[in-house]
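Biologist: Hey, I've never looked at this one before. Can you walk me through it?
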Amino acid sequence: RYTSIIGLGGTAHALGMQKAEEMTAGEFEEICDNIENADIDAREKMEGIGDKRADIIFGGITILKAIKNRINATKFIVSDKGICDGVFYAERDFENL
């Protein structure tokens, strides 16, 4: 049974910049609520969101909240790795280096 979400990419990084790279489910919900309740001008000023994500961050938040609720996660962790890192490691044959 999974109890943690490990997020990577734009929305996860933006959430991590609001609080910390590791947070409880309650802190995660509070951050999401703060972002969702802020007007666009306030979101544009939030660290990690800015004008490039201010109008689209809701999609990522909705997905992360759905995952959290589905698995009843108690912790949210922001990874410092990205999708490109995963592709790189998946394509490498580290056993034969």
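Modeller: Sure, and one term before we start: buried means under 20% relative accessible area, exposed means over 50%, and partly exposed is in between. Also keep in mind that this is a predicted model.

Biologist: OK, let's try that out on glycine 9. Is glycine 9 buried, exposed or partly exposed?
Modeller: Glycine 9 has a relative accessible area of 27%, so it counts as partly exposed.

Biologist: And where does glycine 9 lie?
Modeller: In the loop between strand E1 (4-7) and helix H1 (10-18).

Biologist: How far apart are the C-alpha atoms of glycine 9 and alanine 66?
Modeller: They're separated by 17 Å, and the two residues are 57 residues apart along the chain.

Biologist: Let's move on to H1. Which residues of H1 are buried?
Modeller: Thr11, Ala12, Ala14, Leu15 and Gly16. What covers them includes E1, strand E2 (22-24), H2, H5 and E3.

Biologist: Pick one of those for me. What's the story with threonine 11?
Modeller: Threonine 11 is found in helix H1, and its relative accessible area is 17%, so it's buried. Leaving out residues up to four places away in sequence, threonine 11 touches Ile57, Gly60, Ile61 and Leu64.

Biologist: Now the helix packing. How do people describe that kind of thing?
Modeller: Two packed helices are described by the angle between their axes and the distance between the axes.

Biologist: So at what angle do H1 and H5 pack?
Modeller: About 90 degrees, with their axes 9 Å apart. Angles of 65 to 115 degrees count as roughly perpendicular, so that's what H1 and H5 are to each other. Thr11, Ala12, Ala14 and Leu15 of H1 make the contact with Ile57, Gly60, Ile61 and Leu64 of H5.

Biologist: How many of the residues in the contact of H1 with H5 are nonpolar, polar or charged?
Modeller: There are 6 nonpolar, 2 polar and no charged ones.

Biologist: What about H2 and H5, at what angle do they pack?
Modeller: H2 and helix H5 (residues 57-71) pack at about 155 degrees, and their axes are 11 Å apart. Anything over 145 counts as roughly antiparallel, so H2 and H5 get that label. H2 passes H5 in a left-handed crossing.

Biologist: Which residues meet there?
Modeller: On the H2 side you've got Ala25, Phe28, Glu29, Cys32, Asp33, Ile35 and Glu36, and they meet Ile57, Phe58, Ile61, Leu64, Lys65, Lys68 and Asn69 in H5. The contact of H2 with H5 divides into 8 nonpolar, 1 polar and 5 charged residues.

Biologist: New topic. How many aromatic pairs does the structure hold?
Modeller: Just 1 aromatic pair. The ring centres of phenylalanine 28 and phenylalanine 76 are 4.9 Å apart and the planes sit at 35 degrees, so the pair is tilted.

Biologist: Why does the pair tie together parts far along the sequence, 48 residues apart?
Modeller: Because phenylalanine 28 lies in helix H2 (residues 25-37) while phenylalanine 76 lies in strand E3 (residues 75-78).

Biologist: Are those two buried or exposed?
Modeller: Phenylalanine 28 counts as buried at 1% relative accessibility. Phenylalanine 76 is buried too, with a relative accessible area of 1%.

Biologist: Last one: what's phi for asparagine 72?
Modeller: Near 55 degrees, a positive value in a residue other than glycine. Most residues other than glycine have a negative phi. As for its place, asparagine 72 is in the loop between H5 and E3.

Definitions and conventions. Residues numbered from 1 in each chain as written. Predicted model: local features only at pLDDT ≥ 70, side-chain atom pairs only at ≥ 80, totals over all residues. Heavy atoms only, no water. Phe/Tyr/Trp six-rings, centres within 6.5 Å; stacked < 30°, edge-to-face > 60°. Helix = DSSP H or I, 4+ residues; strand = E, 2+ residues; numbered from the N terminus. Buried < 20%, exposed > 50% of the residue type's maximum accessible area, 1.4 Å probe, protein only. Axes fitted to C-alpha atoms, helices over the stretch in contact; angles between N-to-C directions. Parallel < 35°, antiparallel > 145°, perpendicular 65-115°, else oblique. Left-handed = near helix turned anticlockwise from the far one by under 90°. Contact = heavy atoms within 4.5 Å. Nonpolar A, V, L, I, M, F, W, Y, C, P; charged D, E, K, R; others polar.
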